Amino acid sequence: MASSNFIDYVKINCRSGAGGAGSVHFRREKHVPKGGPDGGDGGRGGHIILKGNAQLWTLLHLKYRKHIKAENGTAGEGGRRSGAQGQDVILEVPLGTIARNPDTSEQLAEITEDGQEIILFPGGRGGLGNDHFKNSTQQAPYYAQPGEPGVEEWVVLELKLLADVGLVGFPNAGKSTLLSVVSAARPEIADYPFTTLVPNLGVVAYRDYKSFVMADIPGIIEGASQGKGLGLRFLRHIERNSVLLFVIPANSPDIRQEYNTLLNELREYNPELMDKDRLLAISKIDLVEQDELTRIKETLPKKLPVTFISAVTQQGLDELKDSIWQRLTATPEPTD
């Protein structure tokens, strides 16, 4: 497979900073007998923080950073001087990034908004100095708290693209061509299977300066949910789409069978995908006769919204945008 700058999965080792120790110190000044304890507190260790950045679209910048270490806090000093806090490490990630425990797959954090910050691993707390432990019966404590250790864990960062519409279809169904026509995205387009090796995003302009985001997911094949082809690697990106647009070419031998196969692969991967709104676009209608299109209409599911399109002649594209926008802005029906 050709190398790509699109990285949607990284595994890194993170270590937050340890807290500084509290100070055991007594005030020693001329003409101040028995000054008493004045040890300061240790500084907090640095956090490991995830921060959303809308300008990023890949985890490439973290691929080769296998060990992330935050700074330790420094120890407290006399005169009730607290130690300095350890410097935090801020990991900027694309929107849609999920942090998981690699052993249990437990979700630790999720970034969905620009500027959103989540403390992934907190730094250790600084210890209290001996000034905190003085009392009427213990006026000269000779002890202070040590700083708490930091947290060291492996973590998996997994990117799921945030898009309004996800294009679902077999290789060479015309998904990339459709995306290139309705948006400014320029995915690679060719006449061989698996031309698209990574997801592509495009912003589709709609009426009255409205827009929505469309994602071109690499082609799914039968058995993708079991790891065949490229589908399993990129099926996770479909989970974040509000609407699934199935794209099947008009010259396909059996359109109904292709649709059922695609639907079954999504169901096998994640049954919750069946709850998403679905649309069907019959592409490449410029390659078949009108009589054939009429026959195709009779074989399609009755309740599924269907649009016949041609990215080459741009036939049906406005109707497709209207159908997508209607689905995106529809008010959910009450469940009770």
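This is a friendly conversation about how some labels on this predicted model are earned.

Trainee: Why is threonine 177 called partly exposed?

Mentor: Its relative accessible area is 25%. Buried means under 20% and exposed means over 50%, so threonine 177, at 25%, is partly exposed. Threonine 177 sits in helix H1, residues 175-182. Its C-alpha atom is separated by 8.3 Å from that of valine 312, although the two residues are 135 apart along the chain.

Trainee: And why is glutamine 314 called exposed?

Mentor: Glutamine 314 has a relative accessible area of 52%. The label exposed asks for over 50%, so glutamine 314 earns it. You will find glutamine 314 in the loop between strand S14 (306-308) and helix H5 (317-329).

Trainee: What is notable about the phi of glutamine 314?

Mentor: Glutamine 314 has a positive phi of about 60°, although it is not a glycine. Most residues other than glycine have a negative phi. Arginine 80 also has a positive phi of about 60° without being a glycine. Arginine 80 belongs to the loop between strand S3 (67-69) and S4.

Trainee: Let's go to strand S12, then. What makes S12 mostly covered?

Mentor: Strand S12 spans residues 243-249, and seven of its seven residues are buried. On one side these are Val243, Leu245, Val247 and Pro249, and on the other Leu244, Phe246 and Ile248. Both faces are therefore covered, buried here meaning under 20% relative accessible area.

Trainee: How do you know that S9 and S12 pair?

Mentor: Pairing takes at least two bridges, and four join strand S9 (residues 165-168) to S12, so the two strands pair, and they run parallel. One example is valine 168, whose bridge partner in S12 is phenylalanine 246.

Trainee: How many bridges join S12 to S13?

Mentor: Seven bridges join S12 to strand S13, residues 277-283, and these strands run parallel. Here proline 249 has serine 283 in S13 as its bridge partner. From S12 the chain crosses through helix H3 (residues 255-269) to S13, making a right-handed β-α-β crossover.

Trainee: How do you know what span to expect for H3?

Mentor: The expected span is 1.5 Å times one less than the number of residues. H3 has 15 residues, so 21 Å is expected, and the helix reaches 21 Å from its first C-alpha to its last, close to that expectation.

Trainee: Which residues of H3 are buried, and what covers them?

Mentor: The buried ones are Ile255, Glu258, Tyr259, Thr261, Leu262, Leu263, Glu265 and Leu266. Their cover includes S9, S12, S13 and helix H4 (290-299).

Trainee: What makes the pair at the start of H3 a polar contact?

Mentor: A side-chain oxygen of aspartate 254 reaches to within 3.4 Å of the backbone nitrogen of arginine 256. The cut-off for an N or O pair is 3.5 Å, so this pair falls inside it.

Trainee: One more, on the open sheet of three strands. Why are S4 and S7 called edge strands?

Mentor: The order is S4-S2-S7, with mixed pairing. Strand S4 (89-93) and strand S7 (117-121) each pair on one side only. The twist averages 30° from one strand to the next.

Trainee: What makes S2 and S7 a pair?

Mentor: At least two bridges are needed; strand S2 (residues 48-52) and S7 have four, so they pair, in the antiparallel sense. Within that pair, isoleucine 49 stands opposite isoleucine 119 in S7.

Conventions:
Residues are numbered from 1 along each chain as its sequence is written. This is a predicted model: local features need pLDDT of at least 70, side-chain atom pairs count only at pLDDT 80 or more; totals for chains, interfaces and linings use all residues. Side-chain values use heavy atoms; hydrogens and water are left out. Buried means under 20% relative accessible area, exposed over 50%, partly exposed in between (1.4 Å probe, protein chains only). A crossover is right-handed if, with the strands pointing away from the viewer, the path from the first strand over the helix to the second runs clockwise. Axes are lines fitted to C-alpha atoms, for helices over the stretch in contact, and angles run from 0 to 180 degrees between N-to-C directions. Contact means heavy atoms within 4.5 Å. A polar contact is a pair of N or O atoms within 3.5 Å; within protein, one must be able to donate a hydrogen and the other to accept it, and residues adjacent in sequence count only if both atoms are side-chain atoms.
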